[in-house]
Amino acid sequence: MRSLFFSRTTLIWLALMTATGVSWKMGHGMGFADPRHAGTAIILISVIKVRFVILEFMEIRHAPLFMRLIAELWTVVIGVAMIRLFLMA
Amino acid sequence: MTTVPLLARPAAPARRIPGEGGIWLFISGEVVMFSLLFCIFLLYRERELDVFASSHAHLNQSLGMFNTLLMLSSSWLVALAVQAARRNLNRATPLLLLLAFMCGAGFGIVKMIEYSEKIRAGMTLTTNDFFMYYFMFTGIHLMHVILGMAVLAFLVRATWSGKVSGSTLRNLESGASFWHLVDLLWIILFALFYPIK
């Protein structure tokens with residue numbers, strides 16, 4: 001049972017929780033004076049979090065290669081699209 | 001007798017699709033739909049930046065953050081439940097799923113508190129485009145949470161009394177994949193609606 005909790009999955013969860021705290025603080029002025037830079041960083045962090053959920057929790061890391069490629073491609077496309085649209089404002 | 005070199009790398013696990021193939025078609029469709037919604041939100045934000053910025057200030061940041069932590073934790077618990085089932089930790093699987101279900105219920109309760117706060121303050125679907133998207137997108141997501149909770153409840157029942165294998169394990173993997181989808185969609189919704197000014 002111990003090895004179930006002291007695992008890579010738990011490490012990823014802790015990293016995701018920490019990243020959420022960091023992006024929340026960024027929304028409250030931590031790290032960036034310009035809200036556009038903060039917003040870009042927050043979107044980037046959210047896409048990285050999503051990638052980890054897909055690869056580790058959804059286990060796409062061990063799925064057939066075409067599934068992993070589609071997932072990786074989607075995270076890049078949605079990340080670029082959202083940052084581009086955000087910076088248009 | 002065969003000898004194994006001490007420094008031999010462990011064999012990589014065989015590549016396989018978790019759960020039923022059909023669930024991945026469904027997940028792909030949902031991802032495409034939500035991707036469009038995310039882009040639509042950002043497009044309208046660009047057109048009405050002042051309205052979006054002033055409306056955003058009314059959202060309860062702490063509740064949004066708390067819900068994200070609940071969603072991430074439920075996803076982690078479900079991932080552990082799948083691993084427990086594969087290791088034949090039969091008692092752990094339904095308990096982990098039950099905890100994940102409770103996190104989902106907590107998420108729903110917090111969302112209801114948020115909605116009632118907004119409605120009491122006179123902010124509804126018809127107030128402006130920001131609140132229209134806020135209620136619409138988070139409402140669609142909440143429906144997914146409720147559906148996911150029904151799936152988790154089914155899985156708790158299916159795994160409660162014995163060894164998880166065969167079709168039950170595949171159903172568990174499929175249900176888990178759906179729940180992780182609900183989590184990942186919220187991660188982006190949280191970023192777009194809460195911390196970004």
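Trainee: Leaving aside neighbours within four places in sequence, which residues is B:Y134 in contact with?

Mentor: This is a predicted model, so what follows is computed from its atoms. With the neighbours within four places in sequence set aside, the contacts of B:Y134 are B:L59, B:K111, B:E114, B:Y115, B:K118, B:G139, B:F193 and B:Y194.

Trainee: Which residues have the most contacts inside the largest nonpolar core, and which helix gives the most to this core?

Mentor: The largest nonpolar core has 93 residues, and those with the most contacts inside it are A:I60, A:M82, B:F38, B:F41, B:Y134 and B:F193. Helices of both chains each supply at least two residues, among them α2 and α3 of chain A and α4 and α5 of chain B. The helix that gives the most, with 17 residues, is α6(B).

Trainee: Is B:E114 buried or exposed?

Mentor: B:E114 lies in helix α4 of chain B, which spans residues 92-120. Its side chain makes a polar contact of 2.6 Å with that of B:K111, and another of 3.3 Å with that of B:Y134. Because its relative accessibility is 0%, and the cut-off for the term is under 20%, B:E114 counts as buried.

Trainee: Which backbone nitrogen does the side chain of A:D34 reach, and at what distance?

Mentor: A:D34 is placed in the loop between α2 (8-27) and α3 (35-57) of chain A, and with a relative accessible area of 29% this residue is partly exposed. The side chain of A:D34 reaches the backbone nitrogen of A:R36, at 2.8 Å.

Key: Residues are numbered from 1 along each chain as its sequence is written. Chains are lettered from A and ligands numbered from 1 in the order in which they are written. This is a predicted model: local features need pLDDT of at least 70, side-chain atom pairs count only at pLDDT 80 or more; totals for chains, interfaces and linings use all residues. Side-chain values use heavy atoms; hydrogens and water are left out. Helices (H or I, at least four residues) and strands (E, at least two) are DSSP runs, numbered from the N terminus. Buried means under 20% relative accessible area, exposed over 50%, partly exposed in between (1.4 Å probe, protein chains only). A polar contact is a pair of N or O atoms within 3.5 Å; within protein, one must be able to donate a hydrogen and the other to accept it, and residues adjacent in sequence count only if both atoms are side-chain atoms. A nonpolar core is a set of buried Ala, Val, Leu, Ile, Met, Phe, Trp, Tyr and Cys residues joined through side-chain atoms within 4.5 Å. Contact means heavy atoms within 4.5 Å.
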